[in-house]
Amino acid sequence: MTTIPHPPTAASVHSRLHDPAPLEALLGNPGDLDNPLGFAALIAADERGDLLATGERALDAYGLGAEFVPGDLGGRLTRADELARVLRPLFRRDIALGLGHGASNLVGSVNVWAAGRPDQRRWLADVLLRNGRIAAAYTDMSTGNDVTRTGFRAEVRGQELVLNGRKEIINNIARAEAVTVLARTSEAPGSRSHSLVLMDSATAPRDRLRFLPRYRTSGVRAMYLGGLEFRDCPLPVDIVTGDLGEAMETVLRAFQVTRAVLPGAAVGTLDQQLRTVLDFATERRLYRRTVLELPHARSVLTGVFLDLLAADCLATTVCRALHLLPEQTSVYAAAVKFLVPLLMRDAVDSLAVVLGARSFLREGPHAVFQKHLRDLPVASLVHAGGTVCLATIIPQLPRLARRAWLSDDVPAPAGLFDLDGPLPDLDFGRLAITAGRKDPLIATLLAAEAELRTEPVIGPLLGRFTAELRELAARCRELAPRDRTPLAGPVSFELAERYAVLLAAAACVGVWRHNTDKAGAFLRDPGWLTGVLGRLAARLRLAPVPGADAAHEEIARELLNRHEQRDGFDLVGRRLA
C-alpha cells in the first residue's frame with residue numbers, strides 16, 4: 001500500500017507554513033475543475049447520494065486509518081491537536097468524507113483504546129491500519145443521544161453473549177469490519193447496567209442479524225446511515241470491551257477525545273465557507289465597488305475570521321489539555337463540542353447573507369457553499385449534540401464555583417497554549433470522568449486580568465469577563481438540587497453556555513500570550529485578541545468596550561492577504577493546495 005508521510009509534528013508547525021500539509025497536497029486544489037478530488041466531483045457525488053470513490057481510494061492510499069490508531073499499536077495517534085489539523089483538509093472539502101473516514105473511525109475506536117483488552121486493541125488496530133472501518137452503534141432511534149435509556153439488550157448465557165434489539169442511524173454500519181455496540185446488560189437502575197461490545201462483523205451469524213435499509217438525509221447525503229437488528233444473536237462472551245457494567249465510565253472518559261478533536265477538525269469547513277464568500281466578494285462589483293469594499297460585507301467577513309480564530313483557540317487548547325490537564329477535560333471537551341459548532345453555524349448564517357441567492361445554488365463556482373450549509377447542522381449532531389454536552393457541564397458547575405473559581409487556583413501551564421510545544425502521548429487512562437477542584441483555564445483568565453488591567457482596551461475587556469465570572473459563580477452556587485442535574489431547567493443550560501464562552505475567552509488570551517516568540521506578526525499583535533474578546537463579550541451581552549474593534553481594518557487586510565496567498569484562516573495559517 002502506498003502511503004503518504006505523516007504530517008509534521010507540532011514542533012515544526014510554524015517552520016513549514018509555505019508547504020501544504022501532506023493530506024492537503026494529496027487532495028489538491030479543490031477549486032480546480034480538472035481535479036478528480038475537487039469540489040465539482042464531490043458535489044456531483046453528493047447529488048447522487050454517494051461518497052466520492054476516488055476520494056475514498058485517495059484516503060486509503062494516504063493510510064488515513066493509521067491516524068486513529070495509538071502509536072504503541074503502530075499508528076499515528078499520539079497528539080489530539082495534530083489529529084484535528086490532519087483532518088481539516090478533509091472537512092474543508094466534504095463533511096461526508098470527513099465523517100465517514102474520520103469521525104466514524106474515531107468515535108468507534110476510542111472506547112477500545114480506553115478499556116479494551118490487549119488482544120482487542122491489536123485486532124482493531126490491524127483493521128484500521130489496513131484501511132478497514134469501525135462503526136459506532138451507541139444510539140437507538142427512540143432515545144437518541146440519551147444512551148442510558150438504550151433498549152438494546154445483551155445477556156450473558158454461559159460462554160455466549162446474546163444480543164437483541166435494533167441500532168439505527170449508524171454511519172458505515174453496512175461497510176464496517178468492526179462494530180462497537182452499547183448494550184444494556186442488567187435491568188438494575190444506575191450507571192452499572194451498560195456494557196460495550198466489540199464485534200467482528202464477519203463472525204456474526206447472518207440468520208440472527210438483519211441490516212436495515214439505508215437512511216437518507218437532507219444534509220451529508222453521501223453518508224451511509226444504516227442500522228442493525230439482532231434477534232437472539234449469540235456471540236462469544238469475550239467480545240465485551242472492559243468489564244460488564246463499565247460502559248458509562250468508559251464512554252465518559254473516551255468521548256472527551258472525540259468532543260475536542262472533531263470540532264477542531266470541522267474548523268476546516270468554516271475556513272472553506274469563508275473562502276468561498278471571499279472569492280465572491282473580491283470579484284462581484286456593486287455601486288462601483290467590490291462587495292468586499294462595502295462596509296457591511298467587510299465587517300461580516302472580518303467577524304467570521306475572528307470567530308474562526310476563537311473556535312480554533314478553544315478546540316486546540318482543549319485538545320492539548322487532553323495531554324496536559326486530563327483531570328479537567330470532562331467539562332472543557334463538552335464546552336468545545338457545544339460552542340465551536342454554535343460559532344460555526346452563526347458564522348455561516350452571516351456569510352450566507354453576503355453571498356445572497358448564490359448561497360442556494362447547487363452548481364457553479366460557489367456551489368460548495370450550499371453543500372456545507374446543509375451538511376453542517378447534521379455534522380454538529382454527530383456523536384453528541386450541544387444540549388447533551390451542556391448537560392455534562394451542568395452538574396459540575398456548583399462544585400467549580402465553590403472550589404475553583406475566584407480562588408487562588410494556579411493558571412494553566414504555558415505549554416497548554418504553545419502551538420509548537422511538545423506533548424506527552426495521549427493516555428486514555430488519565431482522563432477523569434468529572435473535573436476536580438481546579439479550573440486552570442479560568443485561573444488563566446483571572447491571572448491575565450490582574451496583569452493586564454492597566455492596558456487601555458484588553459484590561460477593560462478582561463474586566464468584563466471576570467465580572468461575568470463572579471456573577472456566574474454566585475448563580476451556580478444558588479442552583480437548586482434539581483437544577484444541578486441533566487434534568488435541569490433552562491437557567492442551568494444558560495449558565496453552562498456562558499461558562500463555555502468564558503473558557504473560549506481564556507483560551508484566546510492564553511494563545512496570544514504564549515506564542516509571541518513563534519507565531520507570525522499577526523498573532524503577536526493584540527488587535528486580533530481584542531477583536532475576538534469583543535465578539536465573545538457581545539455573545540454574553542456584556543457592555544461594549546471602546547476600541548475593541550479598532551484593529552478591524554488590519555484584521556481585514558490579514559484576511560485578504562491570506563486569501564490571496566492561499567493560506568489557511570486558522571491559527572497556524574498553513575499554505576493550502
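This passage describes the overall build of the protein chain and then a few of its local features.

The structure is a predicted model. In this model the protein chain has 18 helices and ten strands. Along the principal axes, the C-alpha trace spans about 70 × 60 × 40 Å. The radius of gyration is 23 Å, which agrees with the value near 25 Å that a compact globule of 577 residues would have. Of the 577 residues, 60% are buried. Sequence-distant contacts are well represented: among contacts between residues at least 6 apart in sequence, 78% join residues at least 24 apart.

Turning to the surface, the accessible area of the protein chain comes to about 21600 Å². Carbon and sulfur atoms account for 53% of this area. The protein chain carries 69 positive and 67 negative charges, and the mean positions of the two sets are 3 Å apart.

Aromatic pairs offer a convenient way into the interior. The count comes to five such pairs. In one of them, the ring centres of Tyr138 and Phe255 are 5.2 Å apart and the planes stand at 75 degrees, so the pair is edge-to-face, the class for angles over 60 degrees. Tyr138 sits in the loop between β1 (134-137) and β2 (153-157), while Phe255 belongs to helix α7 (residues 247-283), so this pair ties together parts that are 117 residues apart in sequence. Tyr138 and Phe255 are both buried.

An edge-to-face arrangement is also found for Phe305 and Phe569, with 6.1 Å from centre to centre and 65 degrees between the planes. Here the link is again between distant parts of the chain: Phe305 is in helix α8 (residues 295-324) and Phe569 in the segment after α18, 264 residues apart. Phe305 and Phe569 are each buried. Phe522 joins the picture as well, since ring pairs link Phe305, Phe522 and Phe569 into a cluster.

The segment after α18 (552-565) also holds Leu571. With a relative accessibility of 3%, Leu571 falls under the 20% limit and therefore counts as buried. Leaving aside neighbours within four places in sequence, Leu571 is in contact with Leu309, Asp312, Cys313, Leu419, Val511 and Leu523. A further distance helps to place this residue: the C-alpha atoms of Leu571 and Asp420 are separated by 12 Å, with the two positions 151 residues apart along the chain.

Helix α11 (residues 386-393) gives a view of packing between helices. Its buried residues are Cys389, Leu390, Ala391, Thr392 and Ile393. The buried residues of α11 pack against α7, α9 (329-355), α12 and α15 (490-513). Helix α7 thus appears here as a packing partner of α11, having already been met as the home of Phe255.

Another set of features gathers around α5 and α6. Asn105 is found in helix α5 (residues 95-115) and is buried, with a relative accessible area of 4%. Beyond neighbours within four places in sequence, Asn105 is in contact with Phe68, Leu128, Gly132, Arg133 and Ile134. Asp126, in helix α6, is partly exposed, with a relative accessible area of 41%. The C-alpha atoms of Asp126 and Thr282 are separated by 48 Å, and these residues are 156 apart along the chain.

Two residues deserve a look for their backbone geometry. Most residues other than glycine have a negative phi. Asn131, although not a glycine, has a positive phi of about 65 degrees. This residue is found in the loop between α6 (118-129) and β1, where Asn131 is buried, with a relative accessible area of 17%. Leu406 likewise has a positive phi, near 60 degrees, in a residue other than glycine. Leu406 lies in the loop between α12 (397-403) and α13 (440-452). At a relative accessible area of 39%, Leu406 is partly exposed, whereas Asn131 is buried.

Notes: Residues are numbered from 1 along each chain as its sequence is written. This is a predicted model: local features need pLDDT of at least 70, side-chain atom pairs count only at pLDDT 80 or more; totals for chains, interfaces and linings use all residues. Side-chain values use heavy atoms; hydrogens and water are left out. Helices (H or I, at least four residues) and strands (E, at least two) are DSSP runs, numbered from the N terminus. The radius of gyration is taken over C-alpha atoms; the globule rule is 2.2 Å times the number of residues to the power 0.38. Buried means under 20% relative accessible area, exposed over 50%, partly exposed in between (1.4 Å probe, protein chains only). Contact means heavy atoms within 4.5 Å. Accessible areas come from the Shrake-Rupley method with a 1.4 Å probe; for residues, only the protein chains shown count as cover. Lys and Arg count as positive and Asp and Glu as negative; His and the chain ends are not counted. The place of a charge is taken as NZ of Lys, CZ of Arg, CG of Asp or CD of Glu. Rings of Phe, Tyr and Trp (its six-membered ring) pair if their centres lie within 6.5 Å; planes under 30 degrees apart count as stacked, over 60 as edge-to-face and the rest as tilted.
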